[in-house]
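Thanks for making the time this morning. I would like to walk you through one model, starting from a single side chain and working outwards to the strands and the core.

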Amino acid sequence: MQARFTPGQVIARREMLDGREWLLYPVRVVADEGDLLVVYLAEGTPLTFGTGDFRWGPHPWSEIDPFWQSDGVLQIQRSAAAYAVWPRWKGSAFEGWYVNFQHPMRRTAHGFDTLDLELDLWIPGDGSPYRWKDVAEFHELERSGGLSVSEAAQVRQAAAEVTDLLAQGTPWWEKWRDWRPPRDWTVPGPIEPSTVC
């Protein structure tokens, strides 16, 4: 079994496309319970983009300043799950849960790999109905062959799992609603492509 990461440790989150790094950035470990990994992406974190041709083209964020622009966010994921849950805050106010459908994380010696599969779900923190995001983009990726049949099916299965949890009132991620980063956590430095694996 692979060793667990230590709370406070800086590790690499890599988006892998076509077997190469499409996007990578440092995150700080909040908790590692083996099958559950929780990391924090700080506001101002440097983003690094892969170069060369990718079947999806350049990463869409590569058009902006290469830093995480939003407030800091947790990324909560289970090892076999094809999604991660990102609680979002504006200042000290909890806004809601952002569900990012993605490849199940694959741990590496220096962090973990995944790939955002476009479809997202927003669950407002005030209890109002959830809403889907990027549905048209997901369908276009599927139609164009940018997603394989199995990837699209994996996203639909994960989406059904999440909405079932919401219907049952049993979202396992709820305990993270009130988490806040320690005041002494600094923004990690950039990670260069192909320097971690």
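Before the first contact, let me fix a term: a polar contact here is a pair of N or O atoms within 3.5 Å, and within protein one of the two must be able to donate a hydrogen and the other to accept it. Please also keep in mind that this is a predicted model.

With that in hand, look at His59, which is found in the loop between β4, residues 48-49, and β5, residues 73-78. A polar atom of the His59 side chain lies 3.0 Å from the backbone nitrogen of Trp61. Is His59 buried or exposed? His59 has a relative accessible area of 9%, and because buried means under 20%, His59 counts as buried. Leaving aside residues up to four places away in sequence, His59 touches Trp22, Leu23 and Phe49.

Leu23 brings us to the cores, where, as a general point, nonpolar side chains in soluble globular proteins tend to be buried together. The largest nonpolar core has 39 residues, and the members that touch the most other members are Leu74, Tyr83, Phe101 and Trp173. Several elements each supply at least two residues of this core, among them β2, β5, β6, β7 and the helices α1 and α2, and α2 gives the most, with six residues. A second, separate core of 19 residues includes Leu23, together with Phe5, Val27 and Val29.

Let me turn next to Pro87, which lies in strand β6, residues 83-90, and which is buried, at 0% relative accessibility. Beyond residues up to four places away in sequence, Pro87 touches Val73, Leu74, Ile76, Phe94, Gly96 and Trp97. Although Pro87 and Trp176 are 89 residues apart along the chain, their C-alpha atoms are separated by 7.5 Å.

Finally, consider strand β1, residues 10-17, which is mostly covered, with seven of its eight residues buried. Which strands pair with β1, and in which sense? β1 and β2 pair in the antiparallel sense over eight bridges, and Pro26 in β2 is the bridge partner of Ala12. These two strands form a hairpin with two residues between them, and Asp18 in the turn has a positive phi of about 60 degrees. With β9, residues 111-114, β1 pairs in the parallel sense over four bridges, and there Glu15 stands opposite Thr114.

How values were computed
Residues numbered from 1 in each chain as written. Predicted model: local features only at pLDDT ≥ 70, side-chain atom pairs only at ≥ 80, totals over all residues. Heavy atoms only, no water. Buried < 20%, exposed > 50% of the residue type's maximum accessible area, 1.4 Å probe, protein only. Contact = heavy atoms within 4.5 Å. Core = buried A, V, L, I, M, F, W, Y, C linked by side-chain atoms within 4.5 Å. Pairing = 2+ DSSP bridges.
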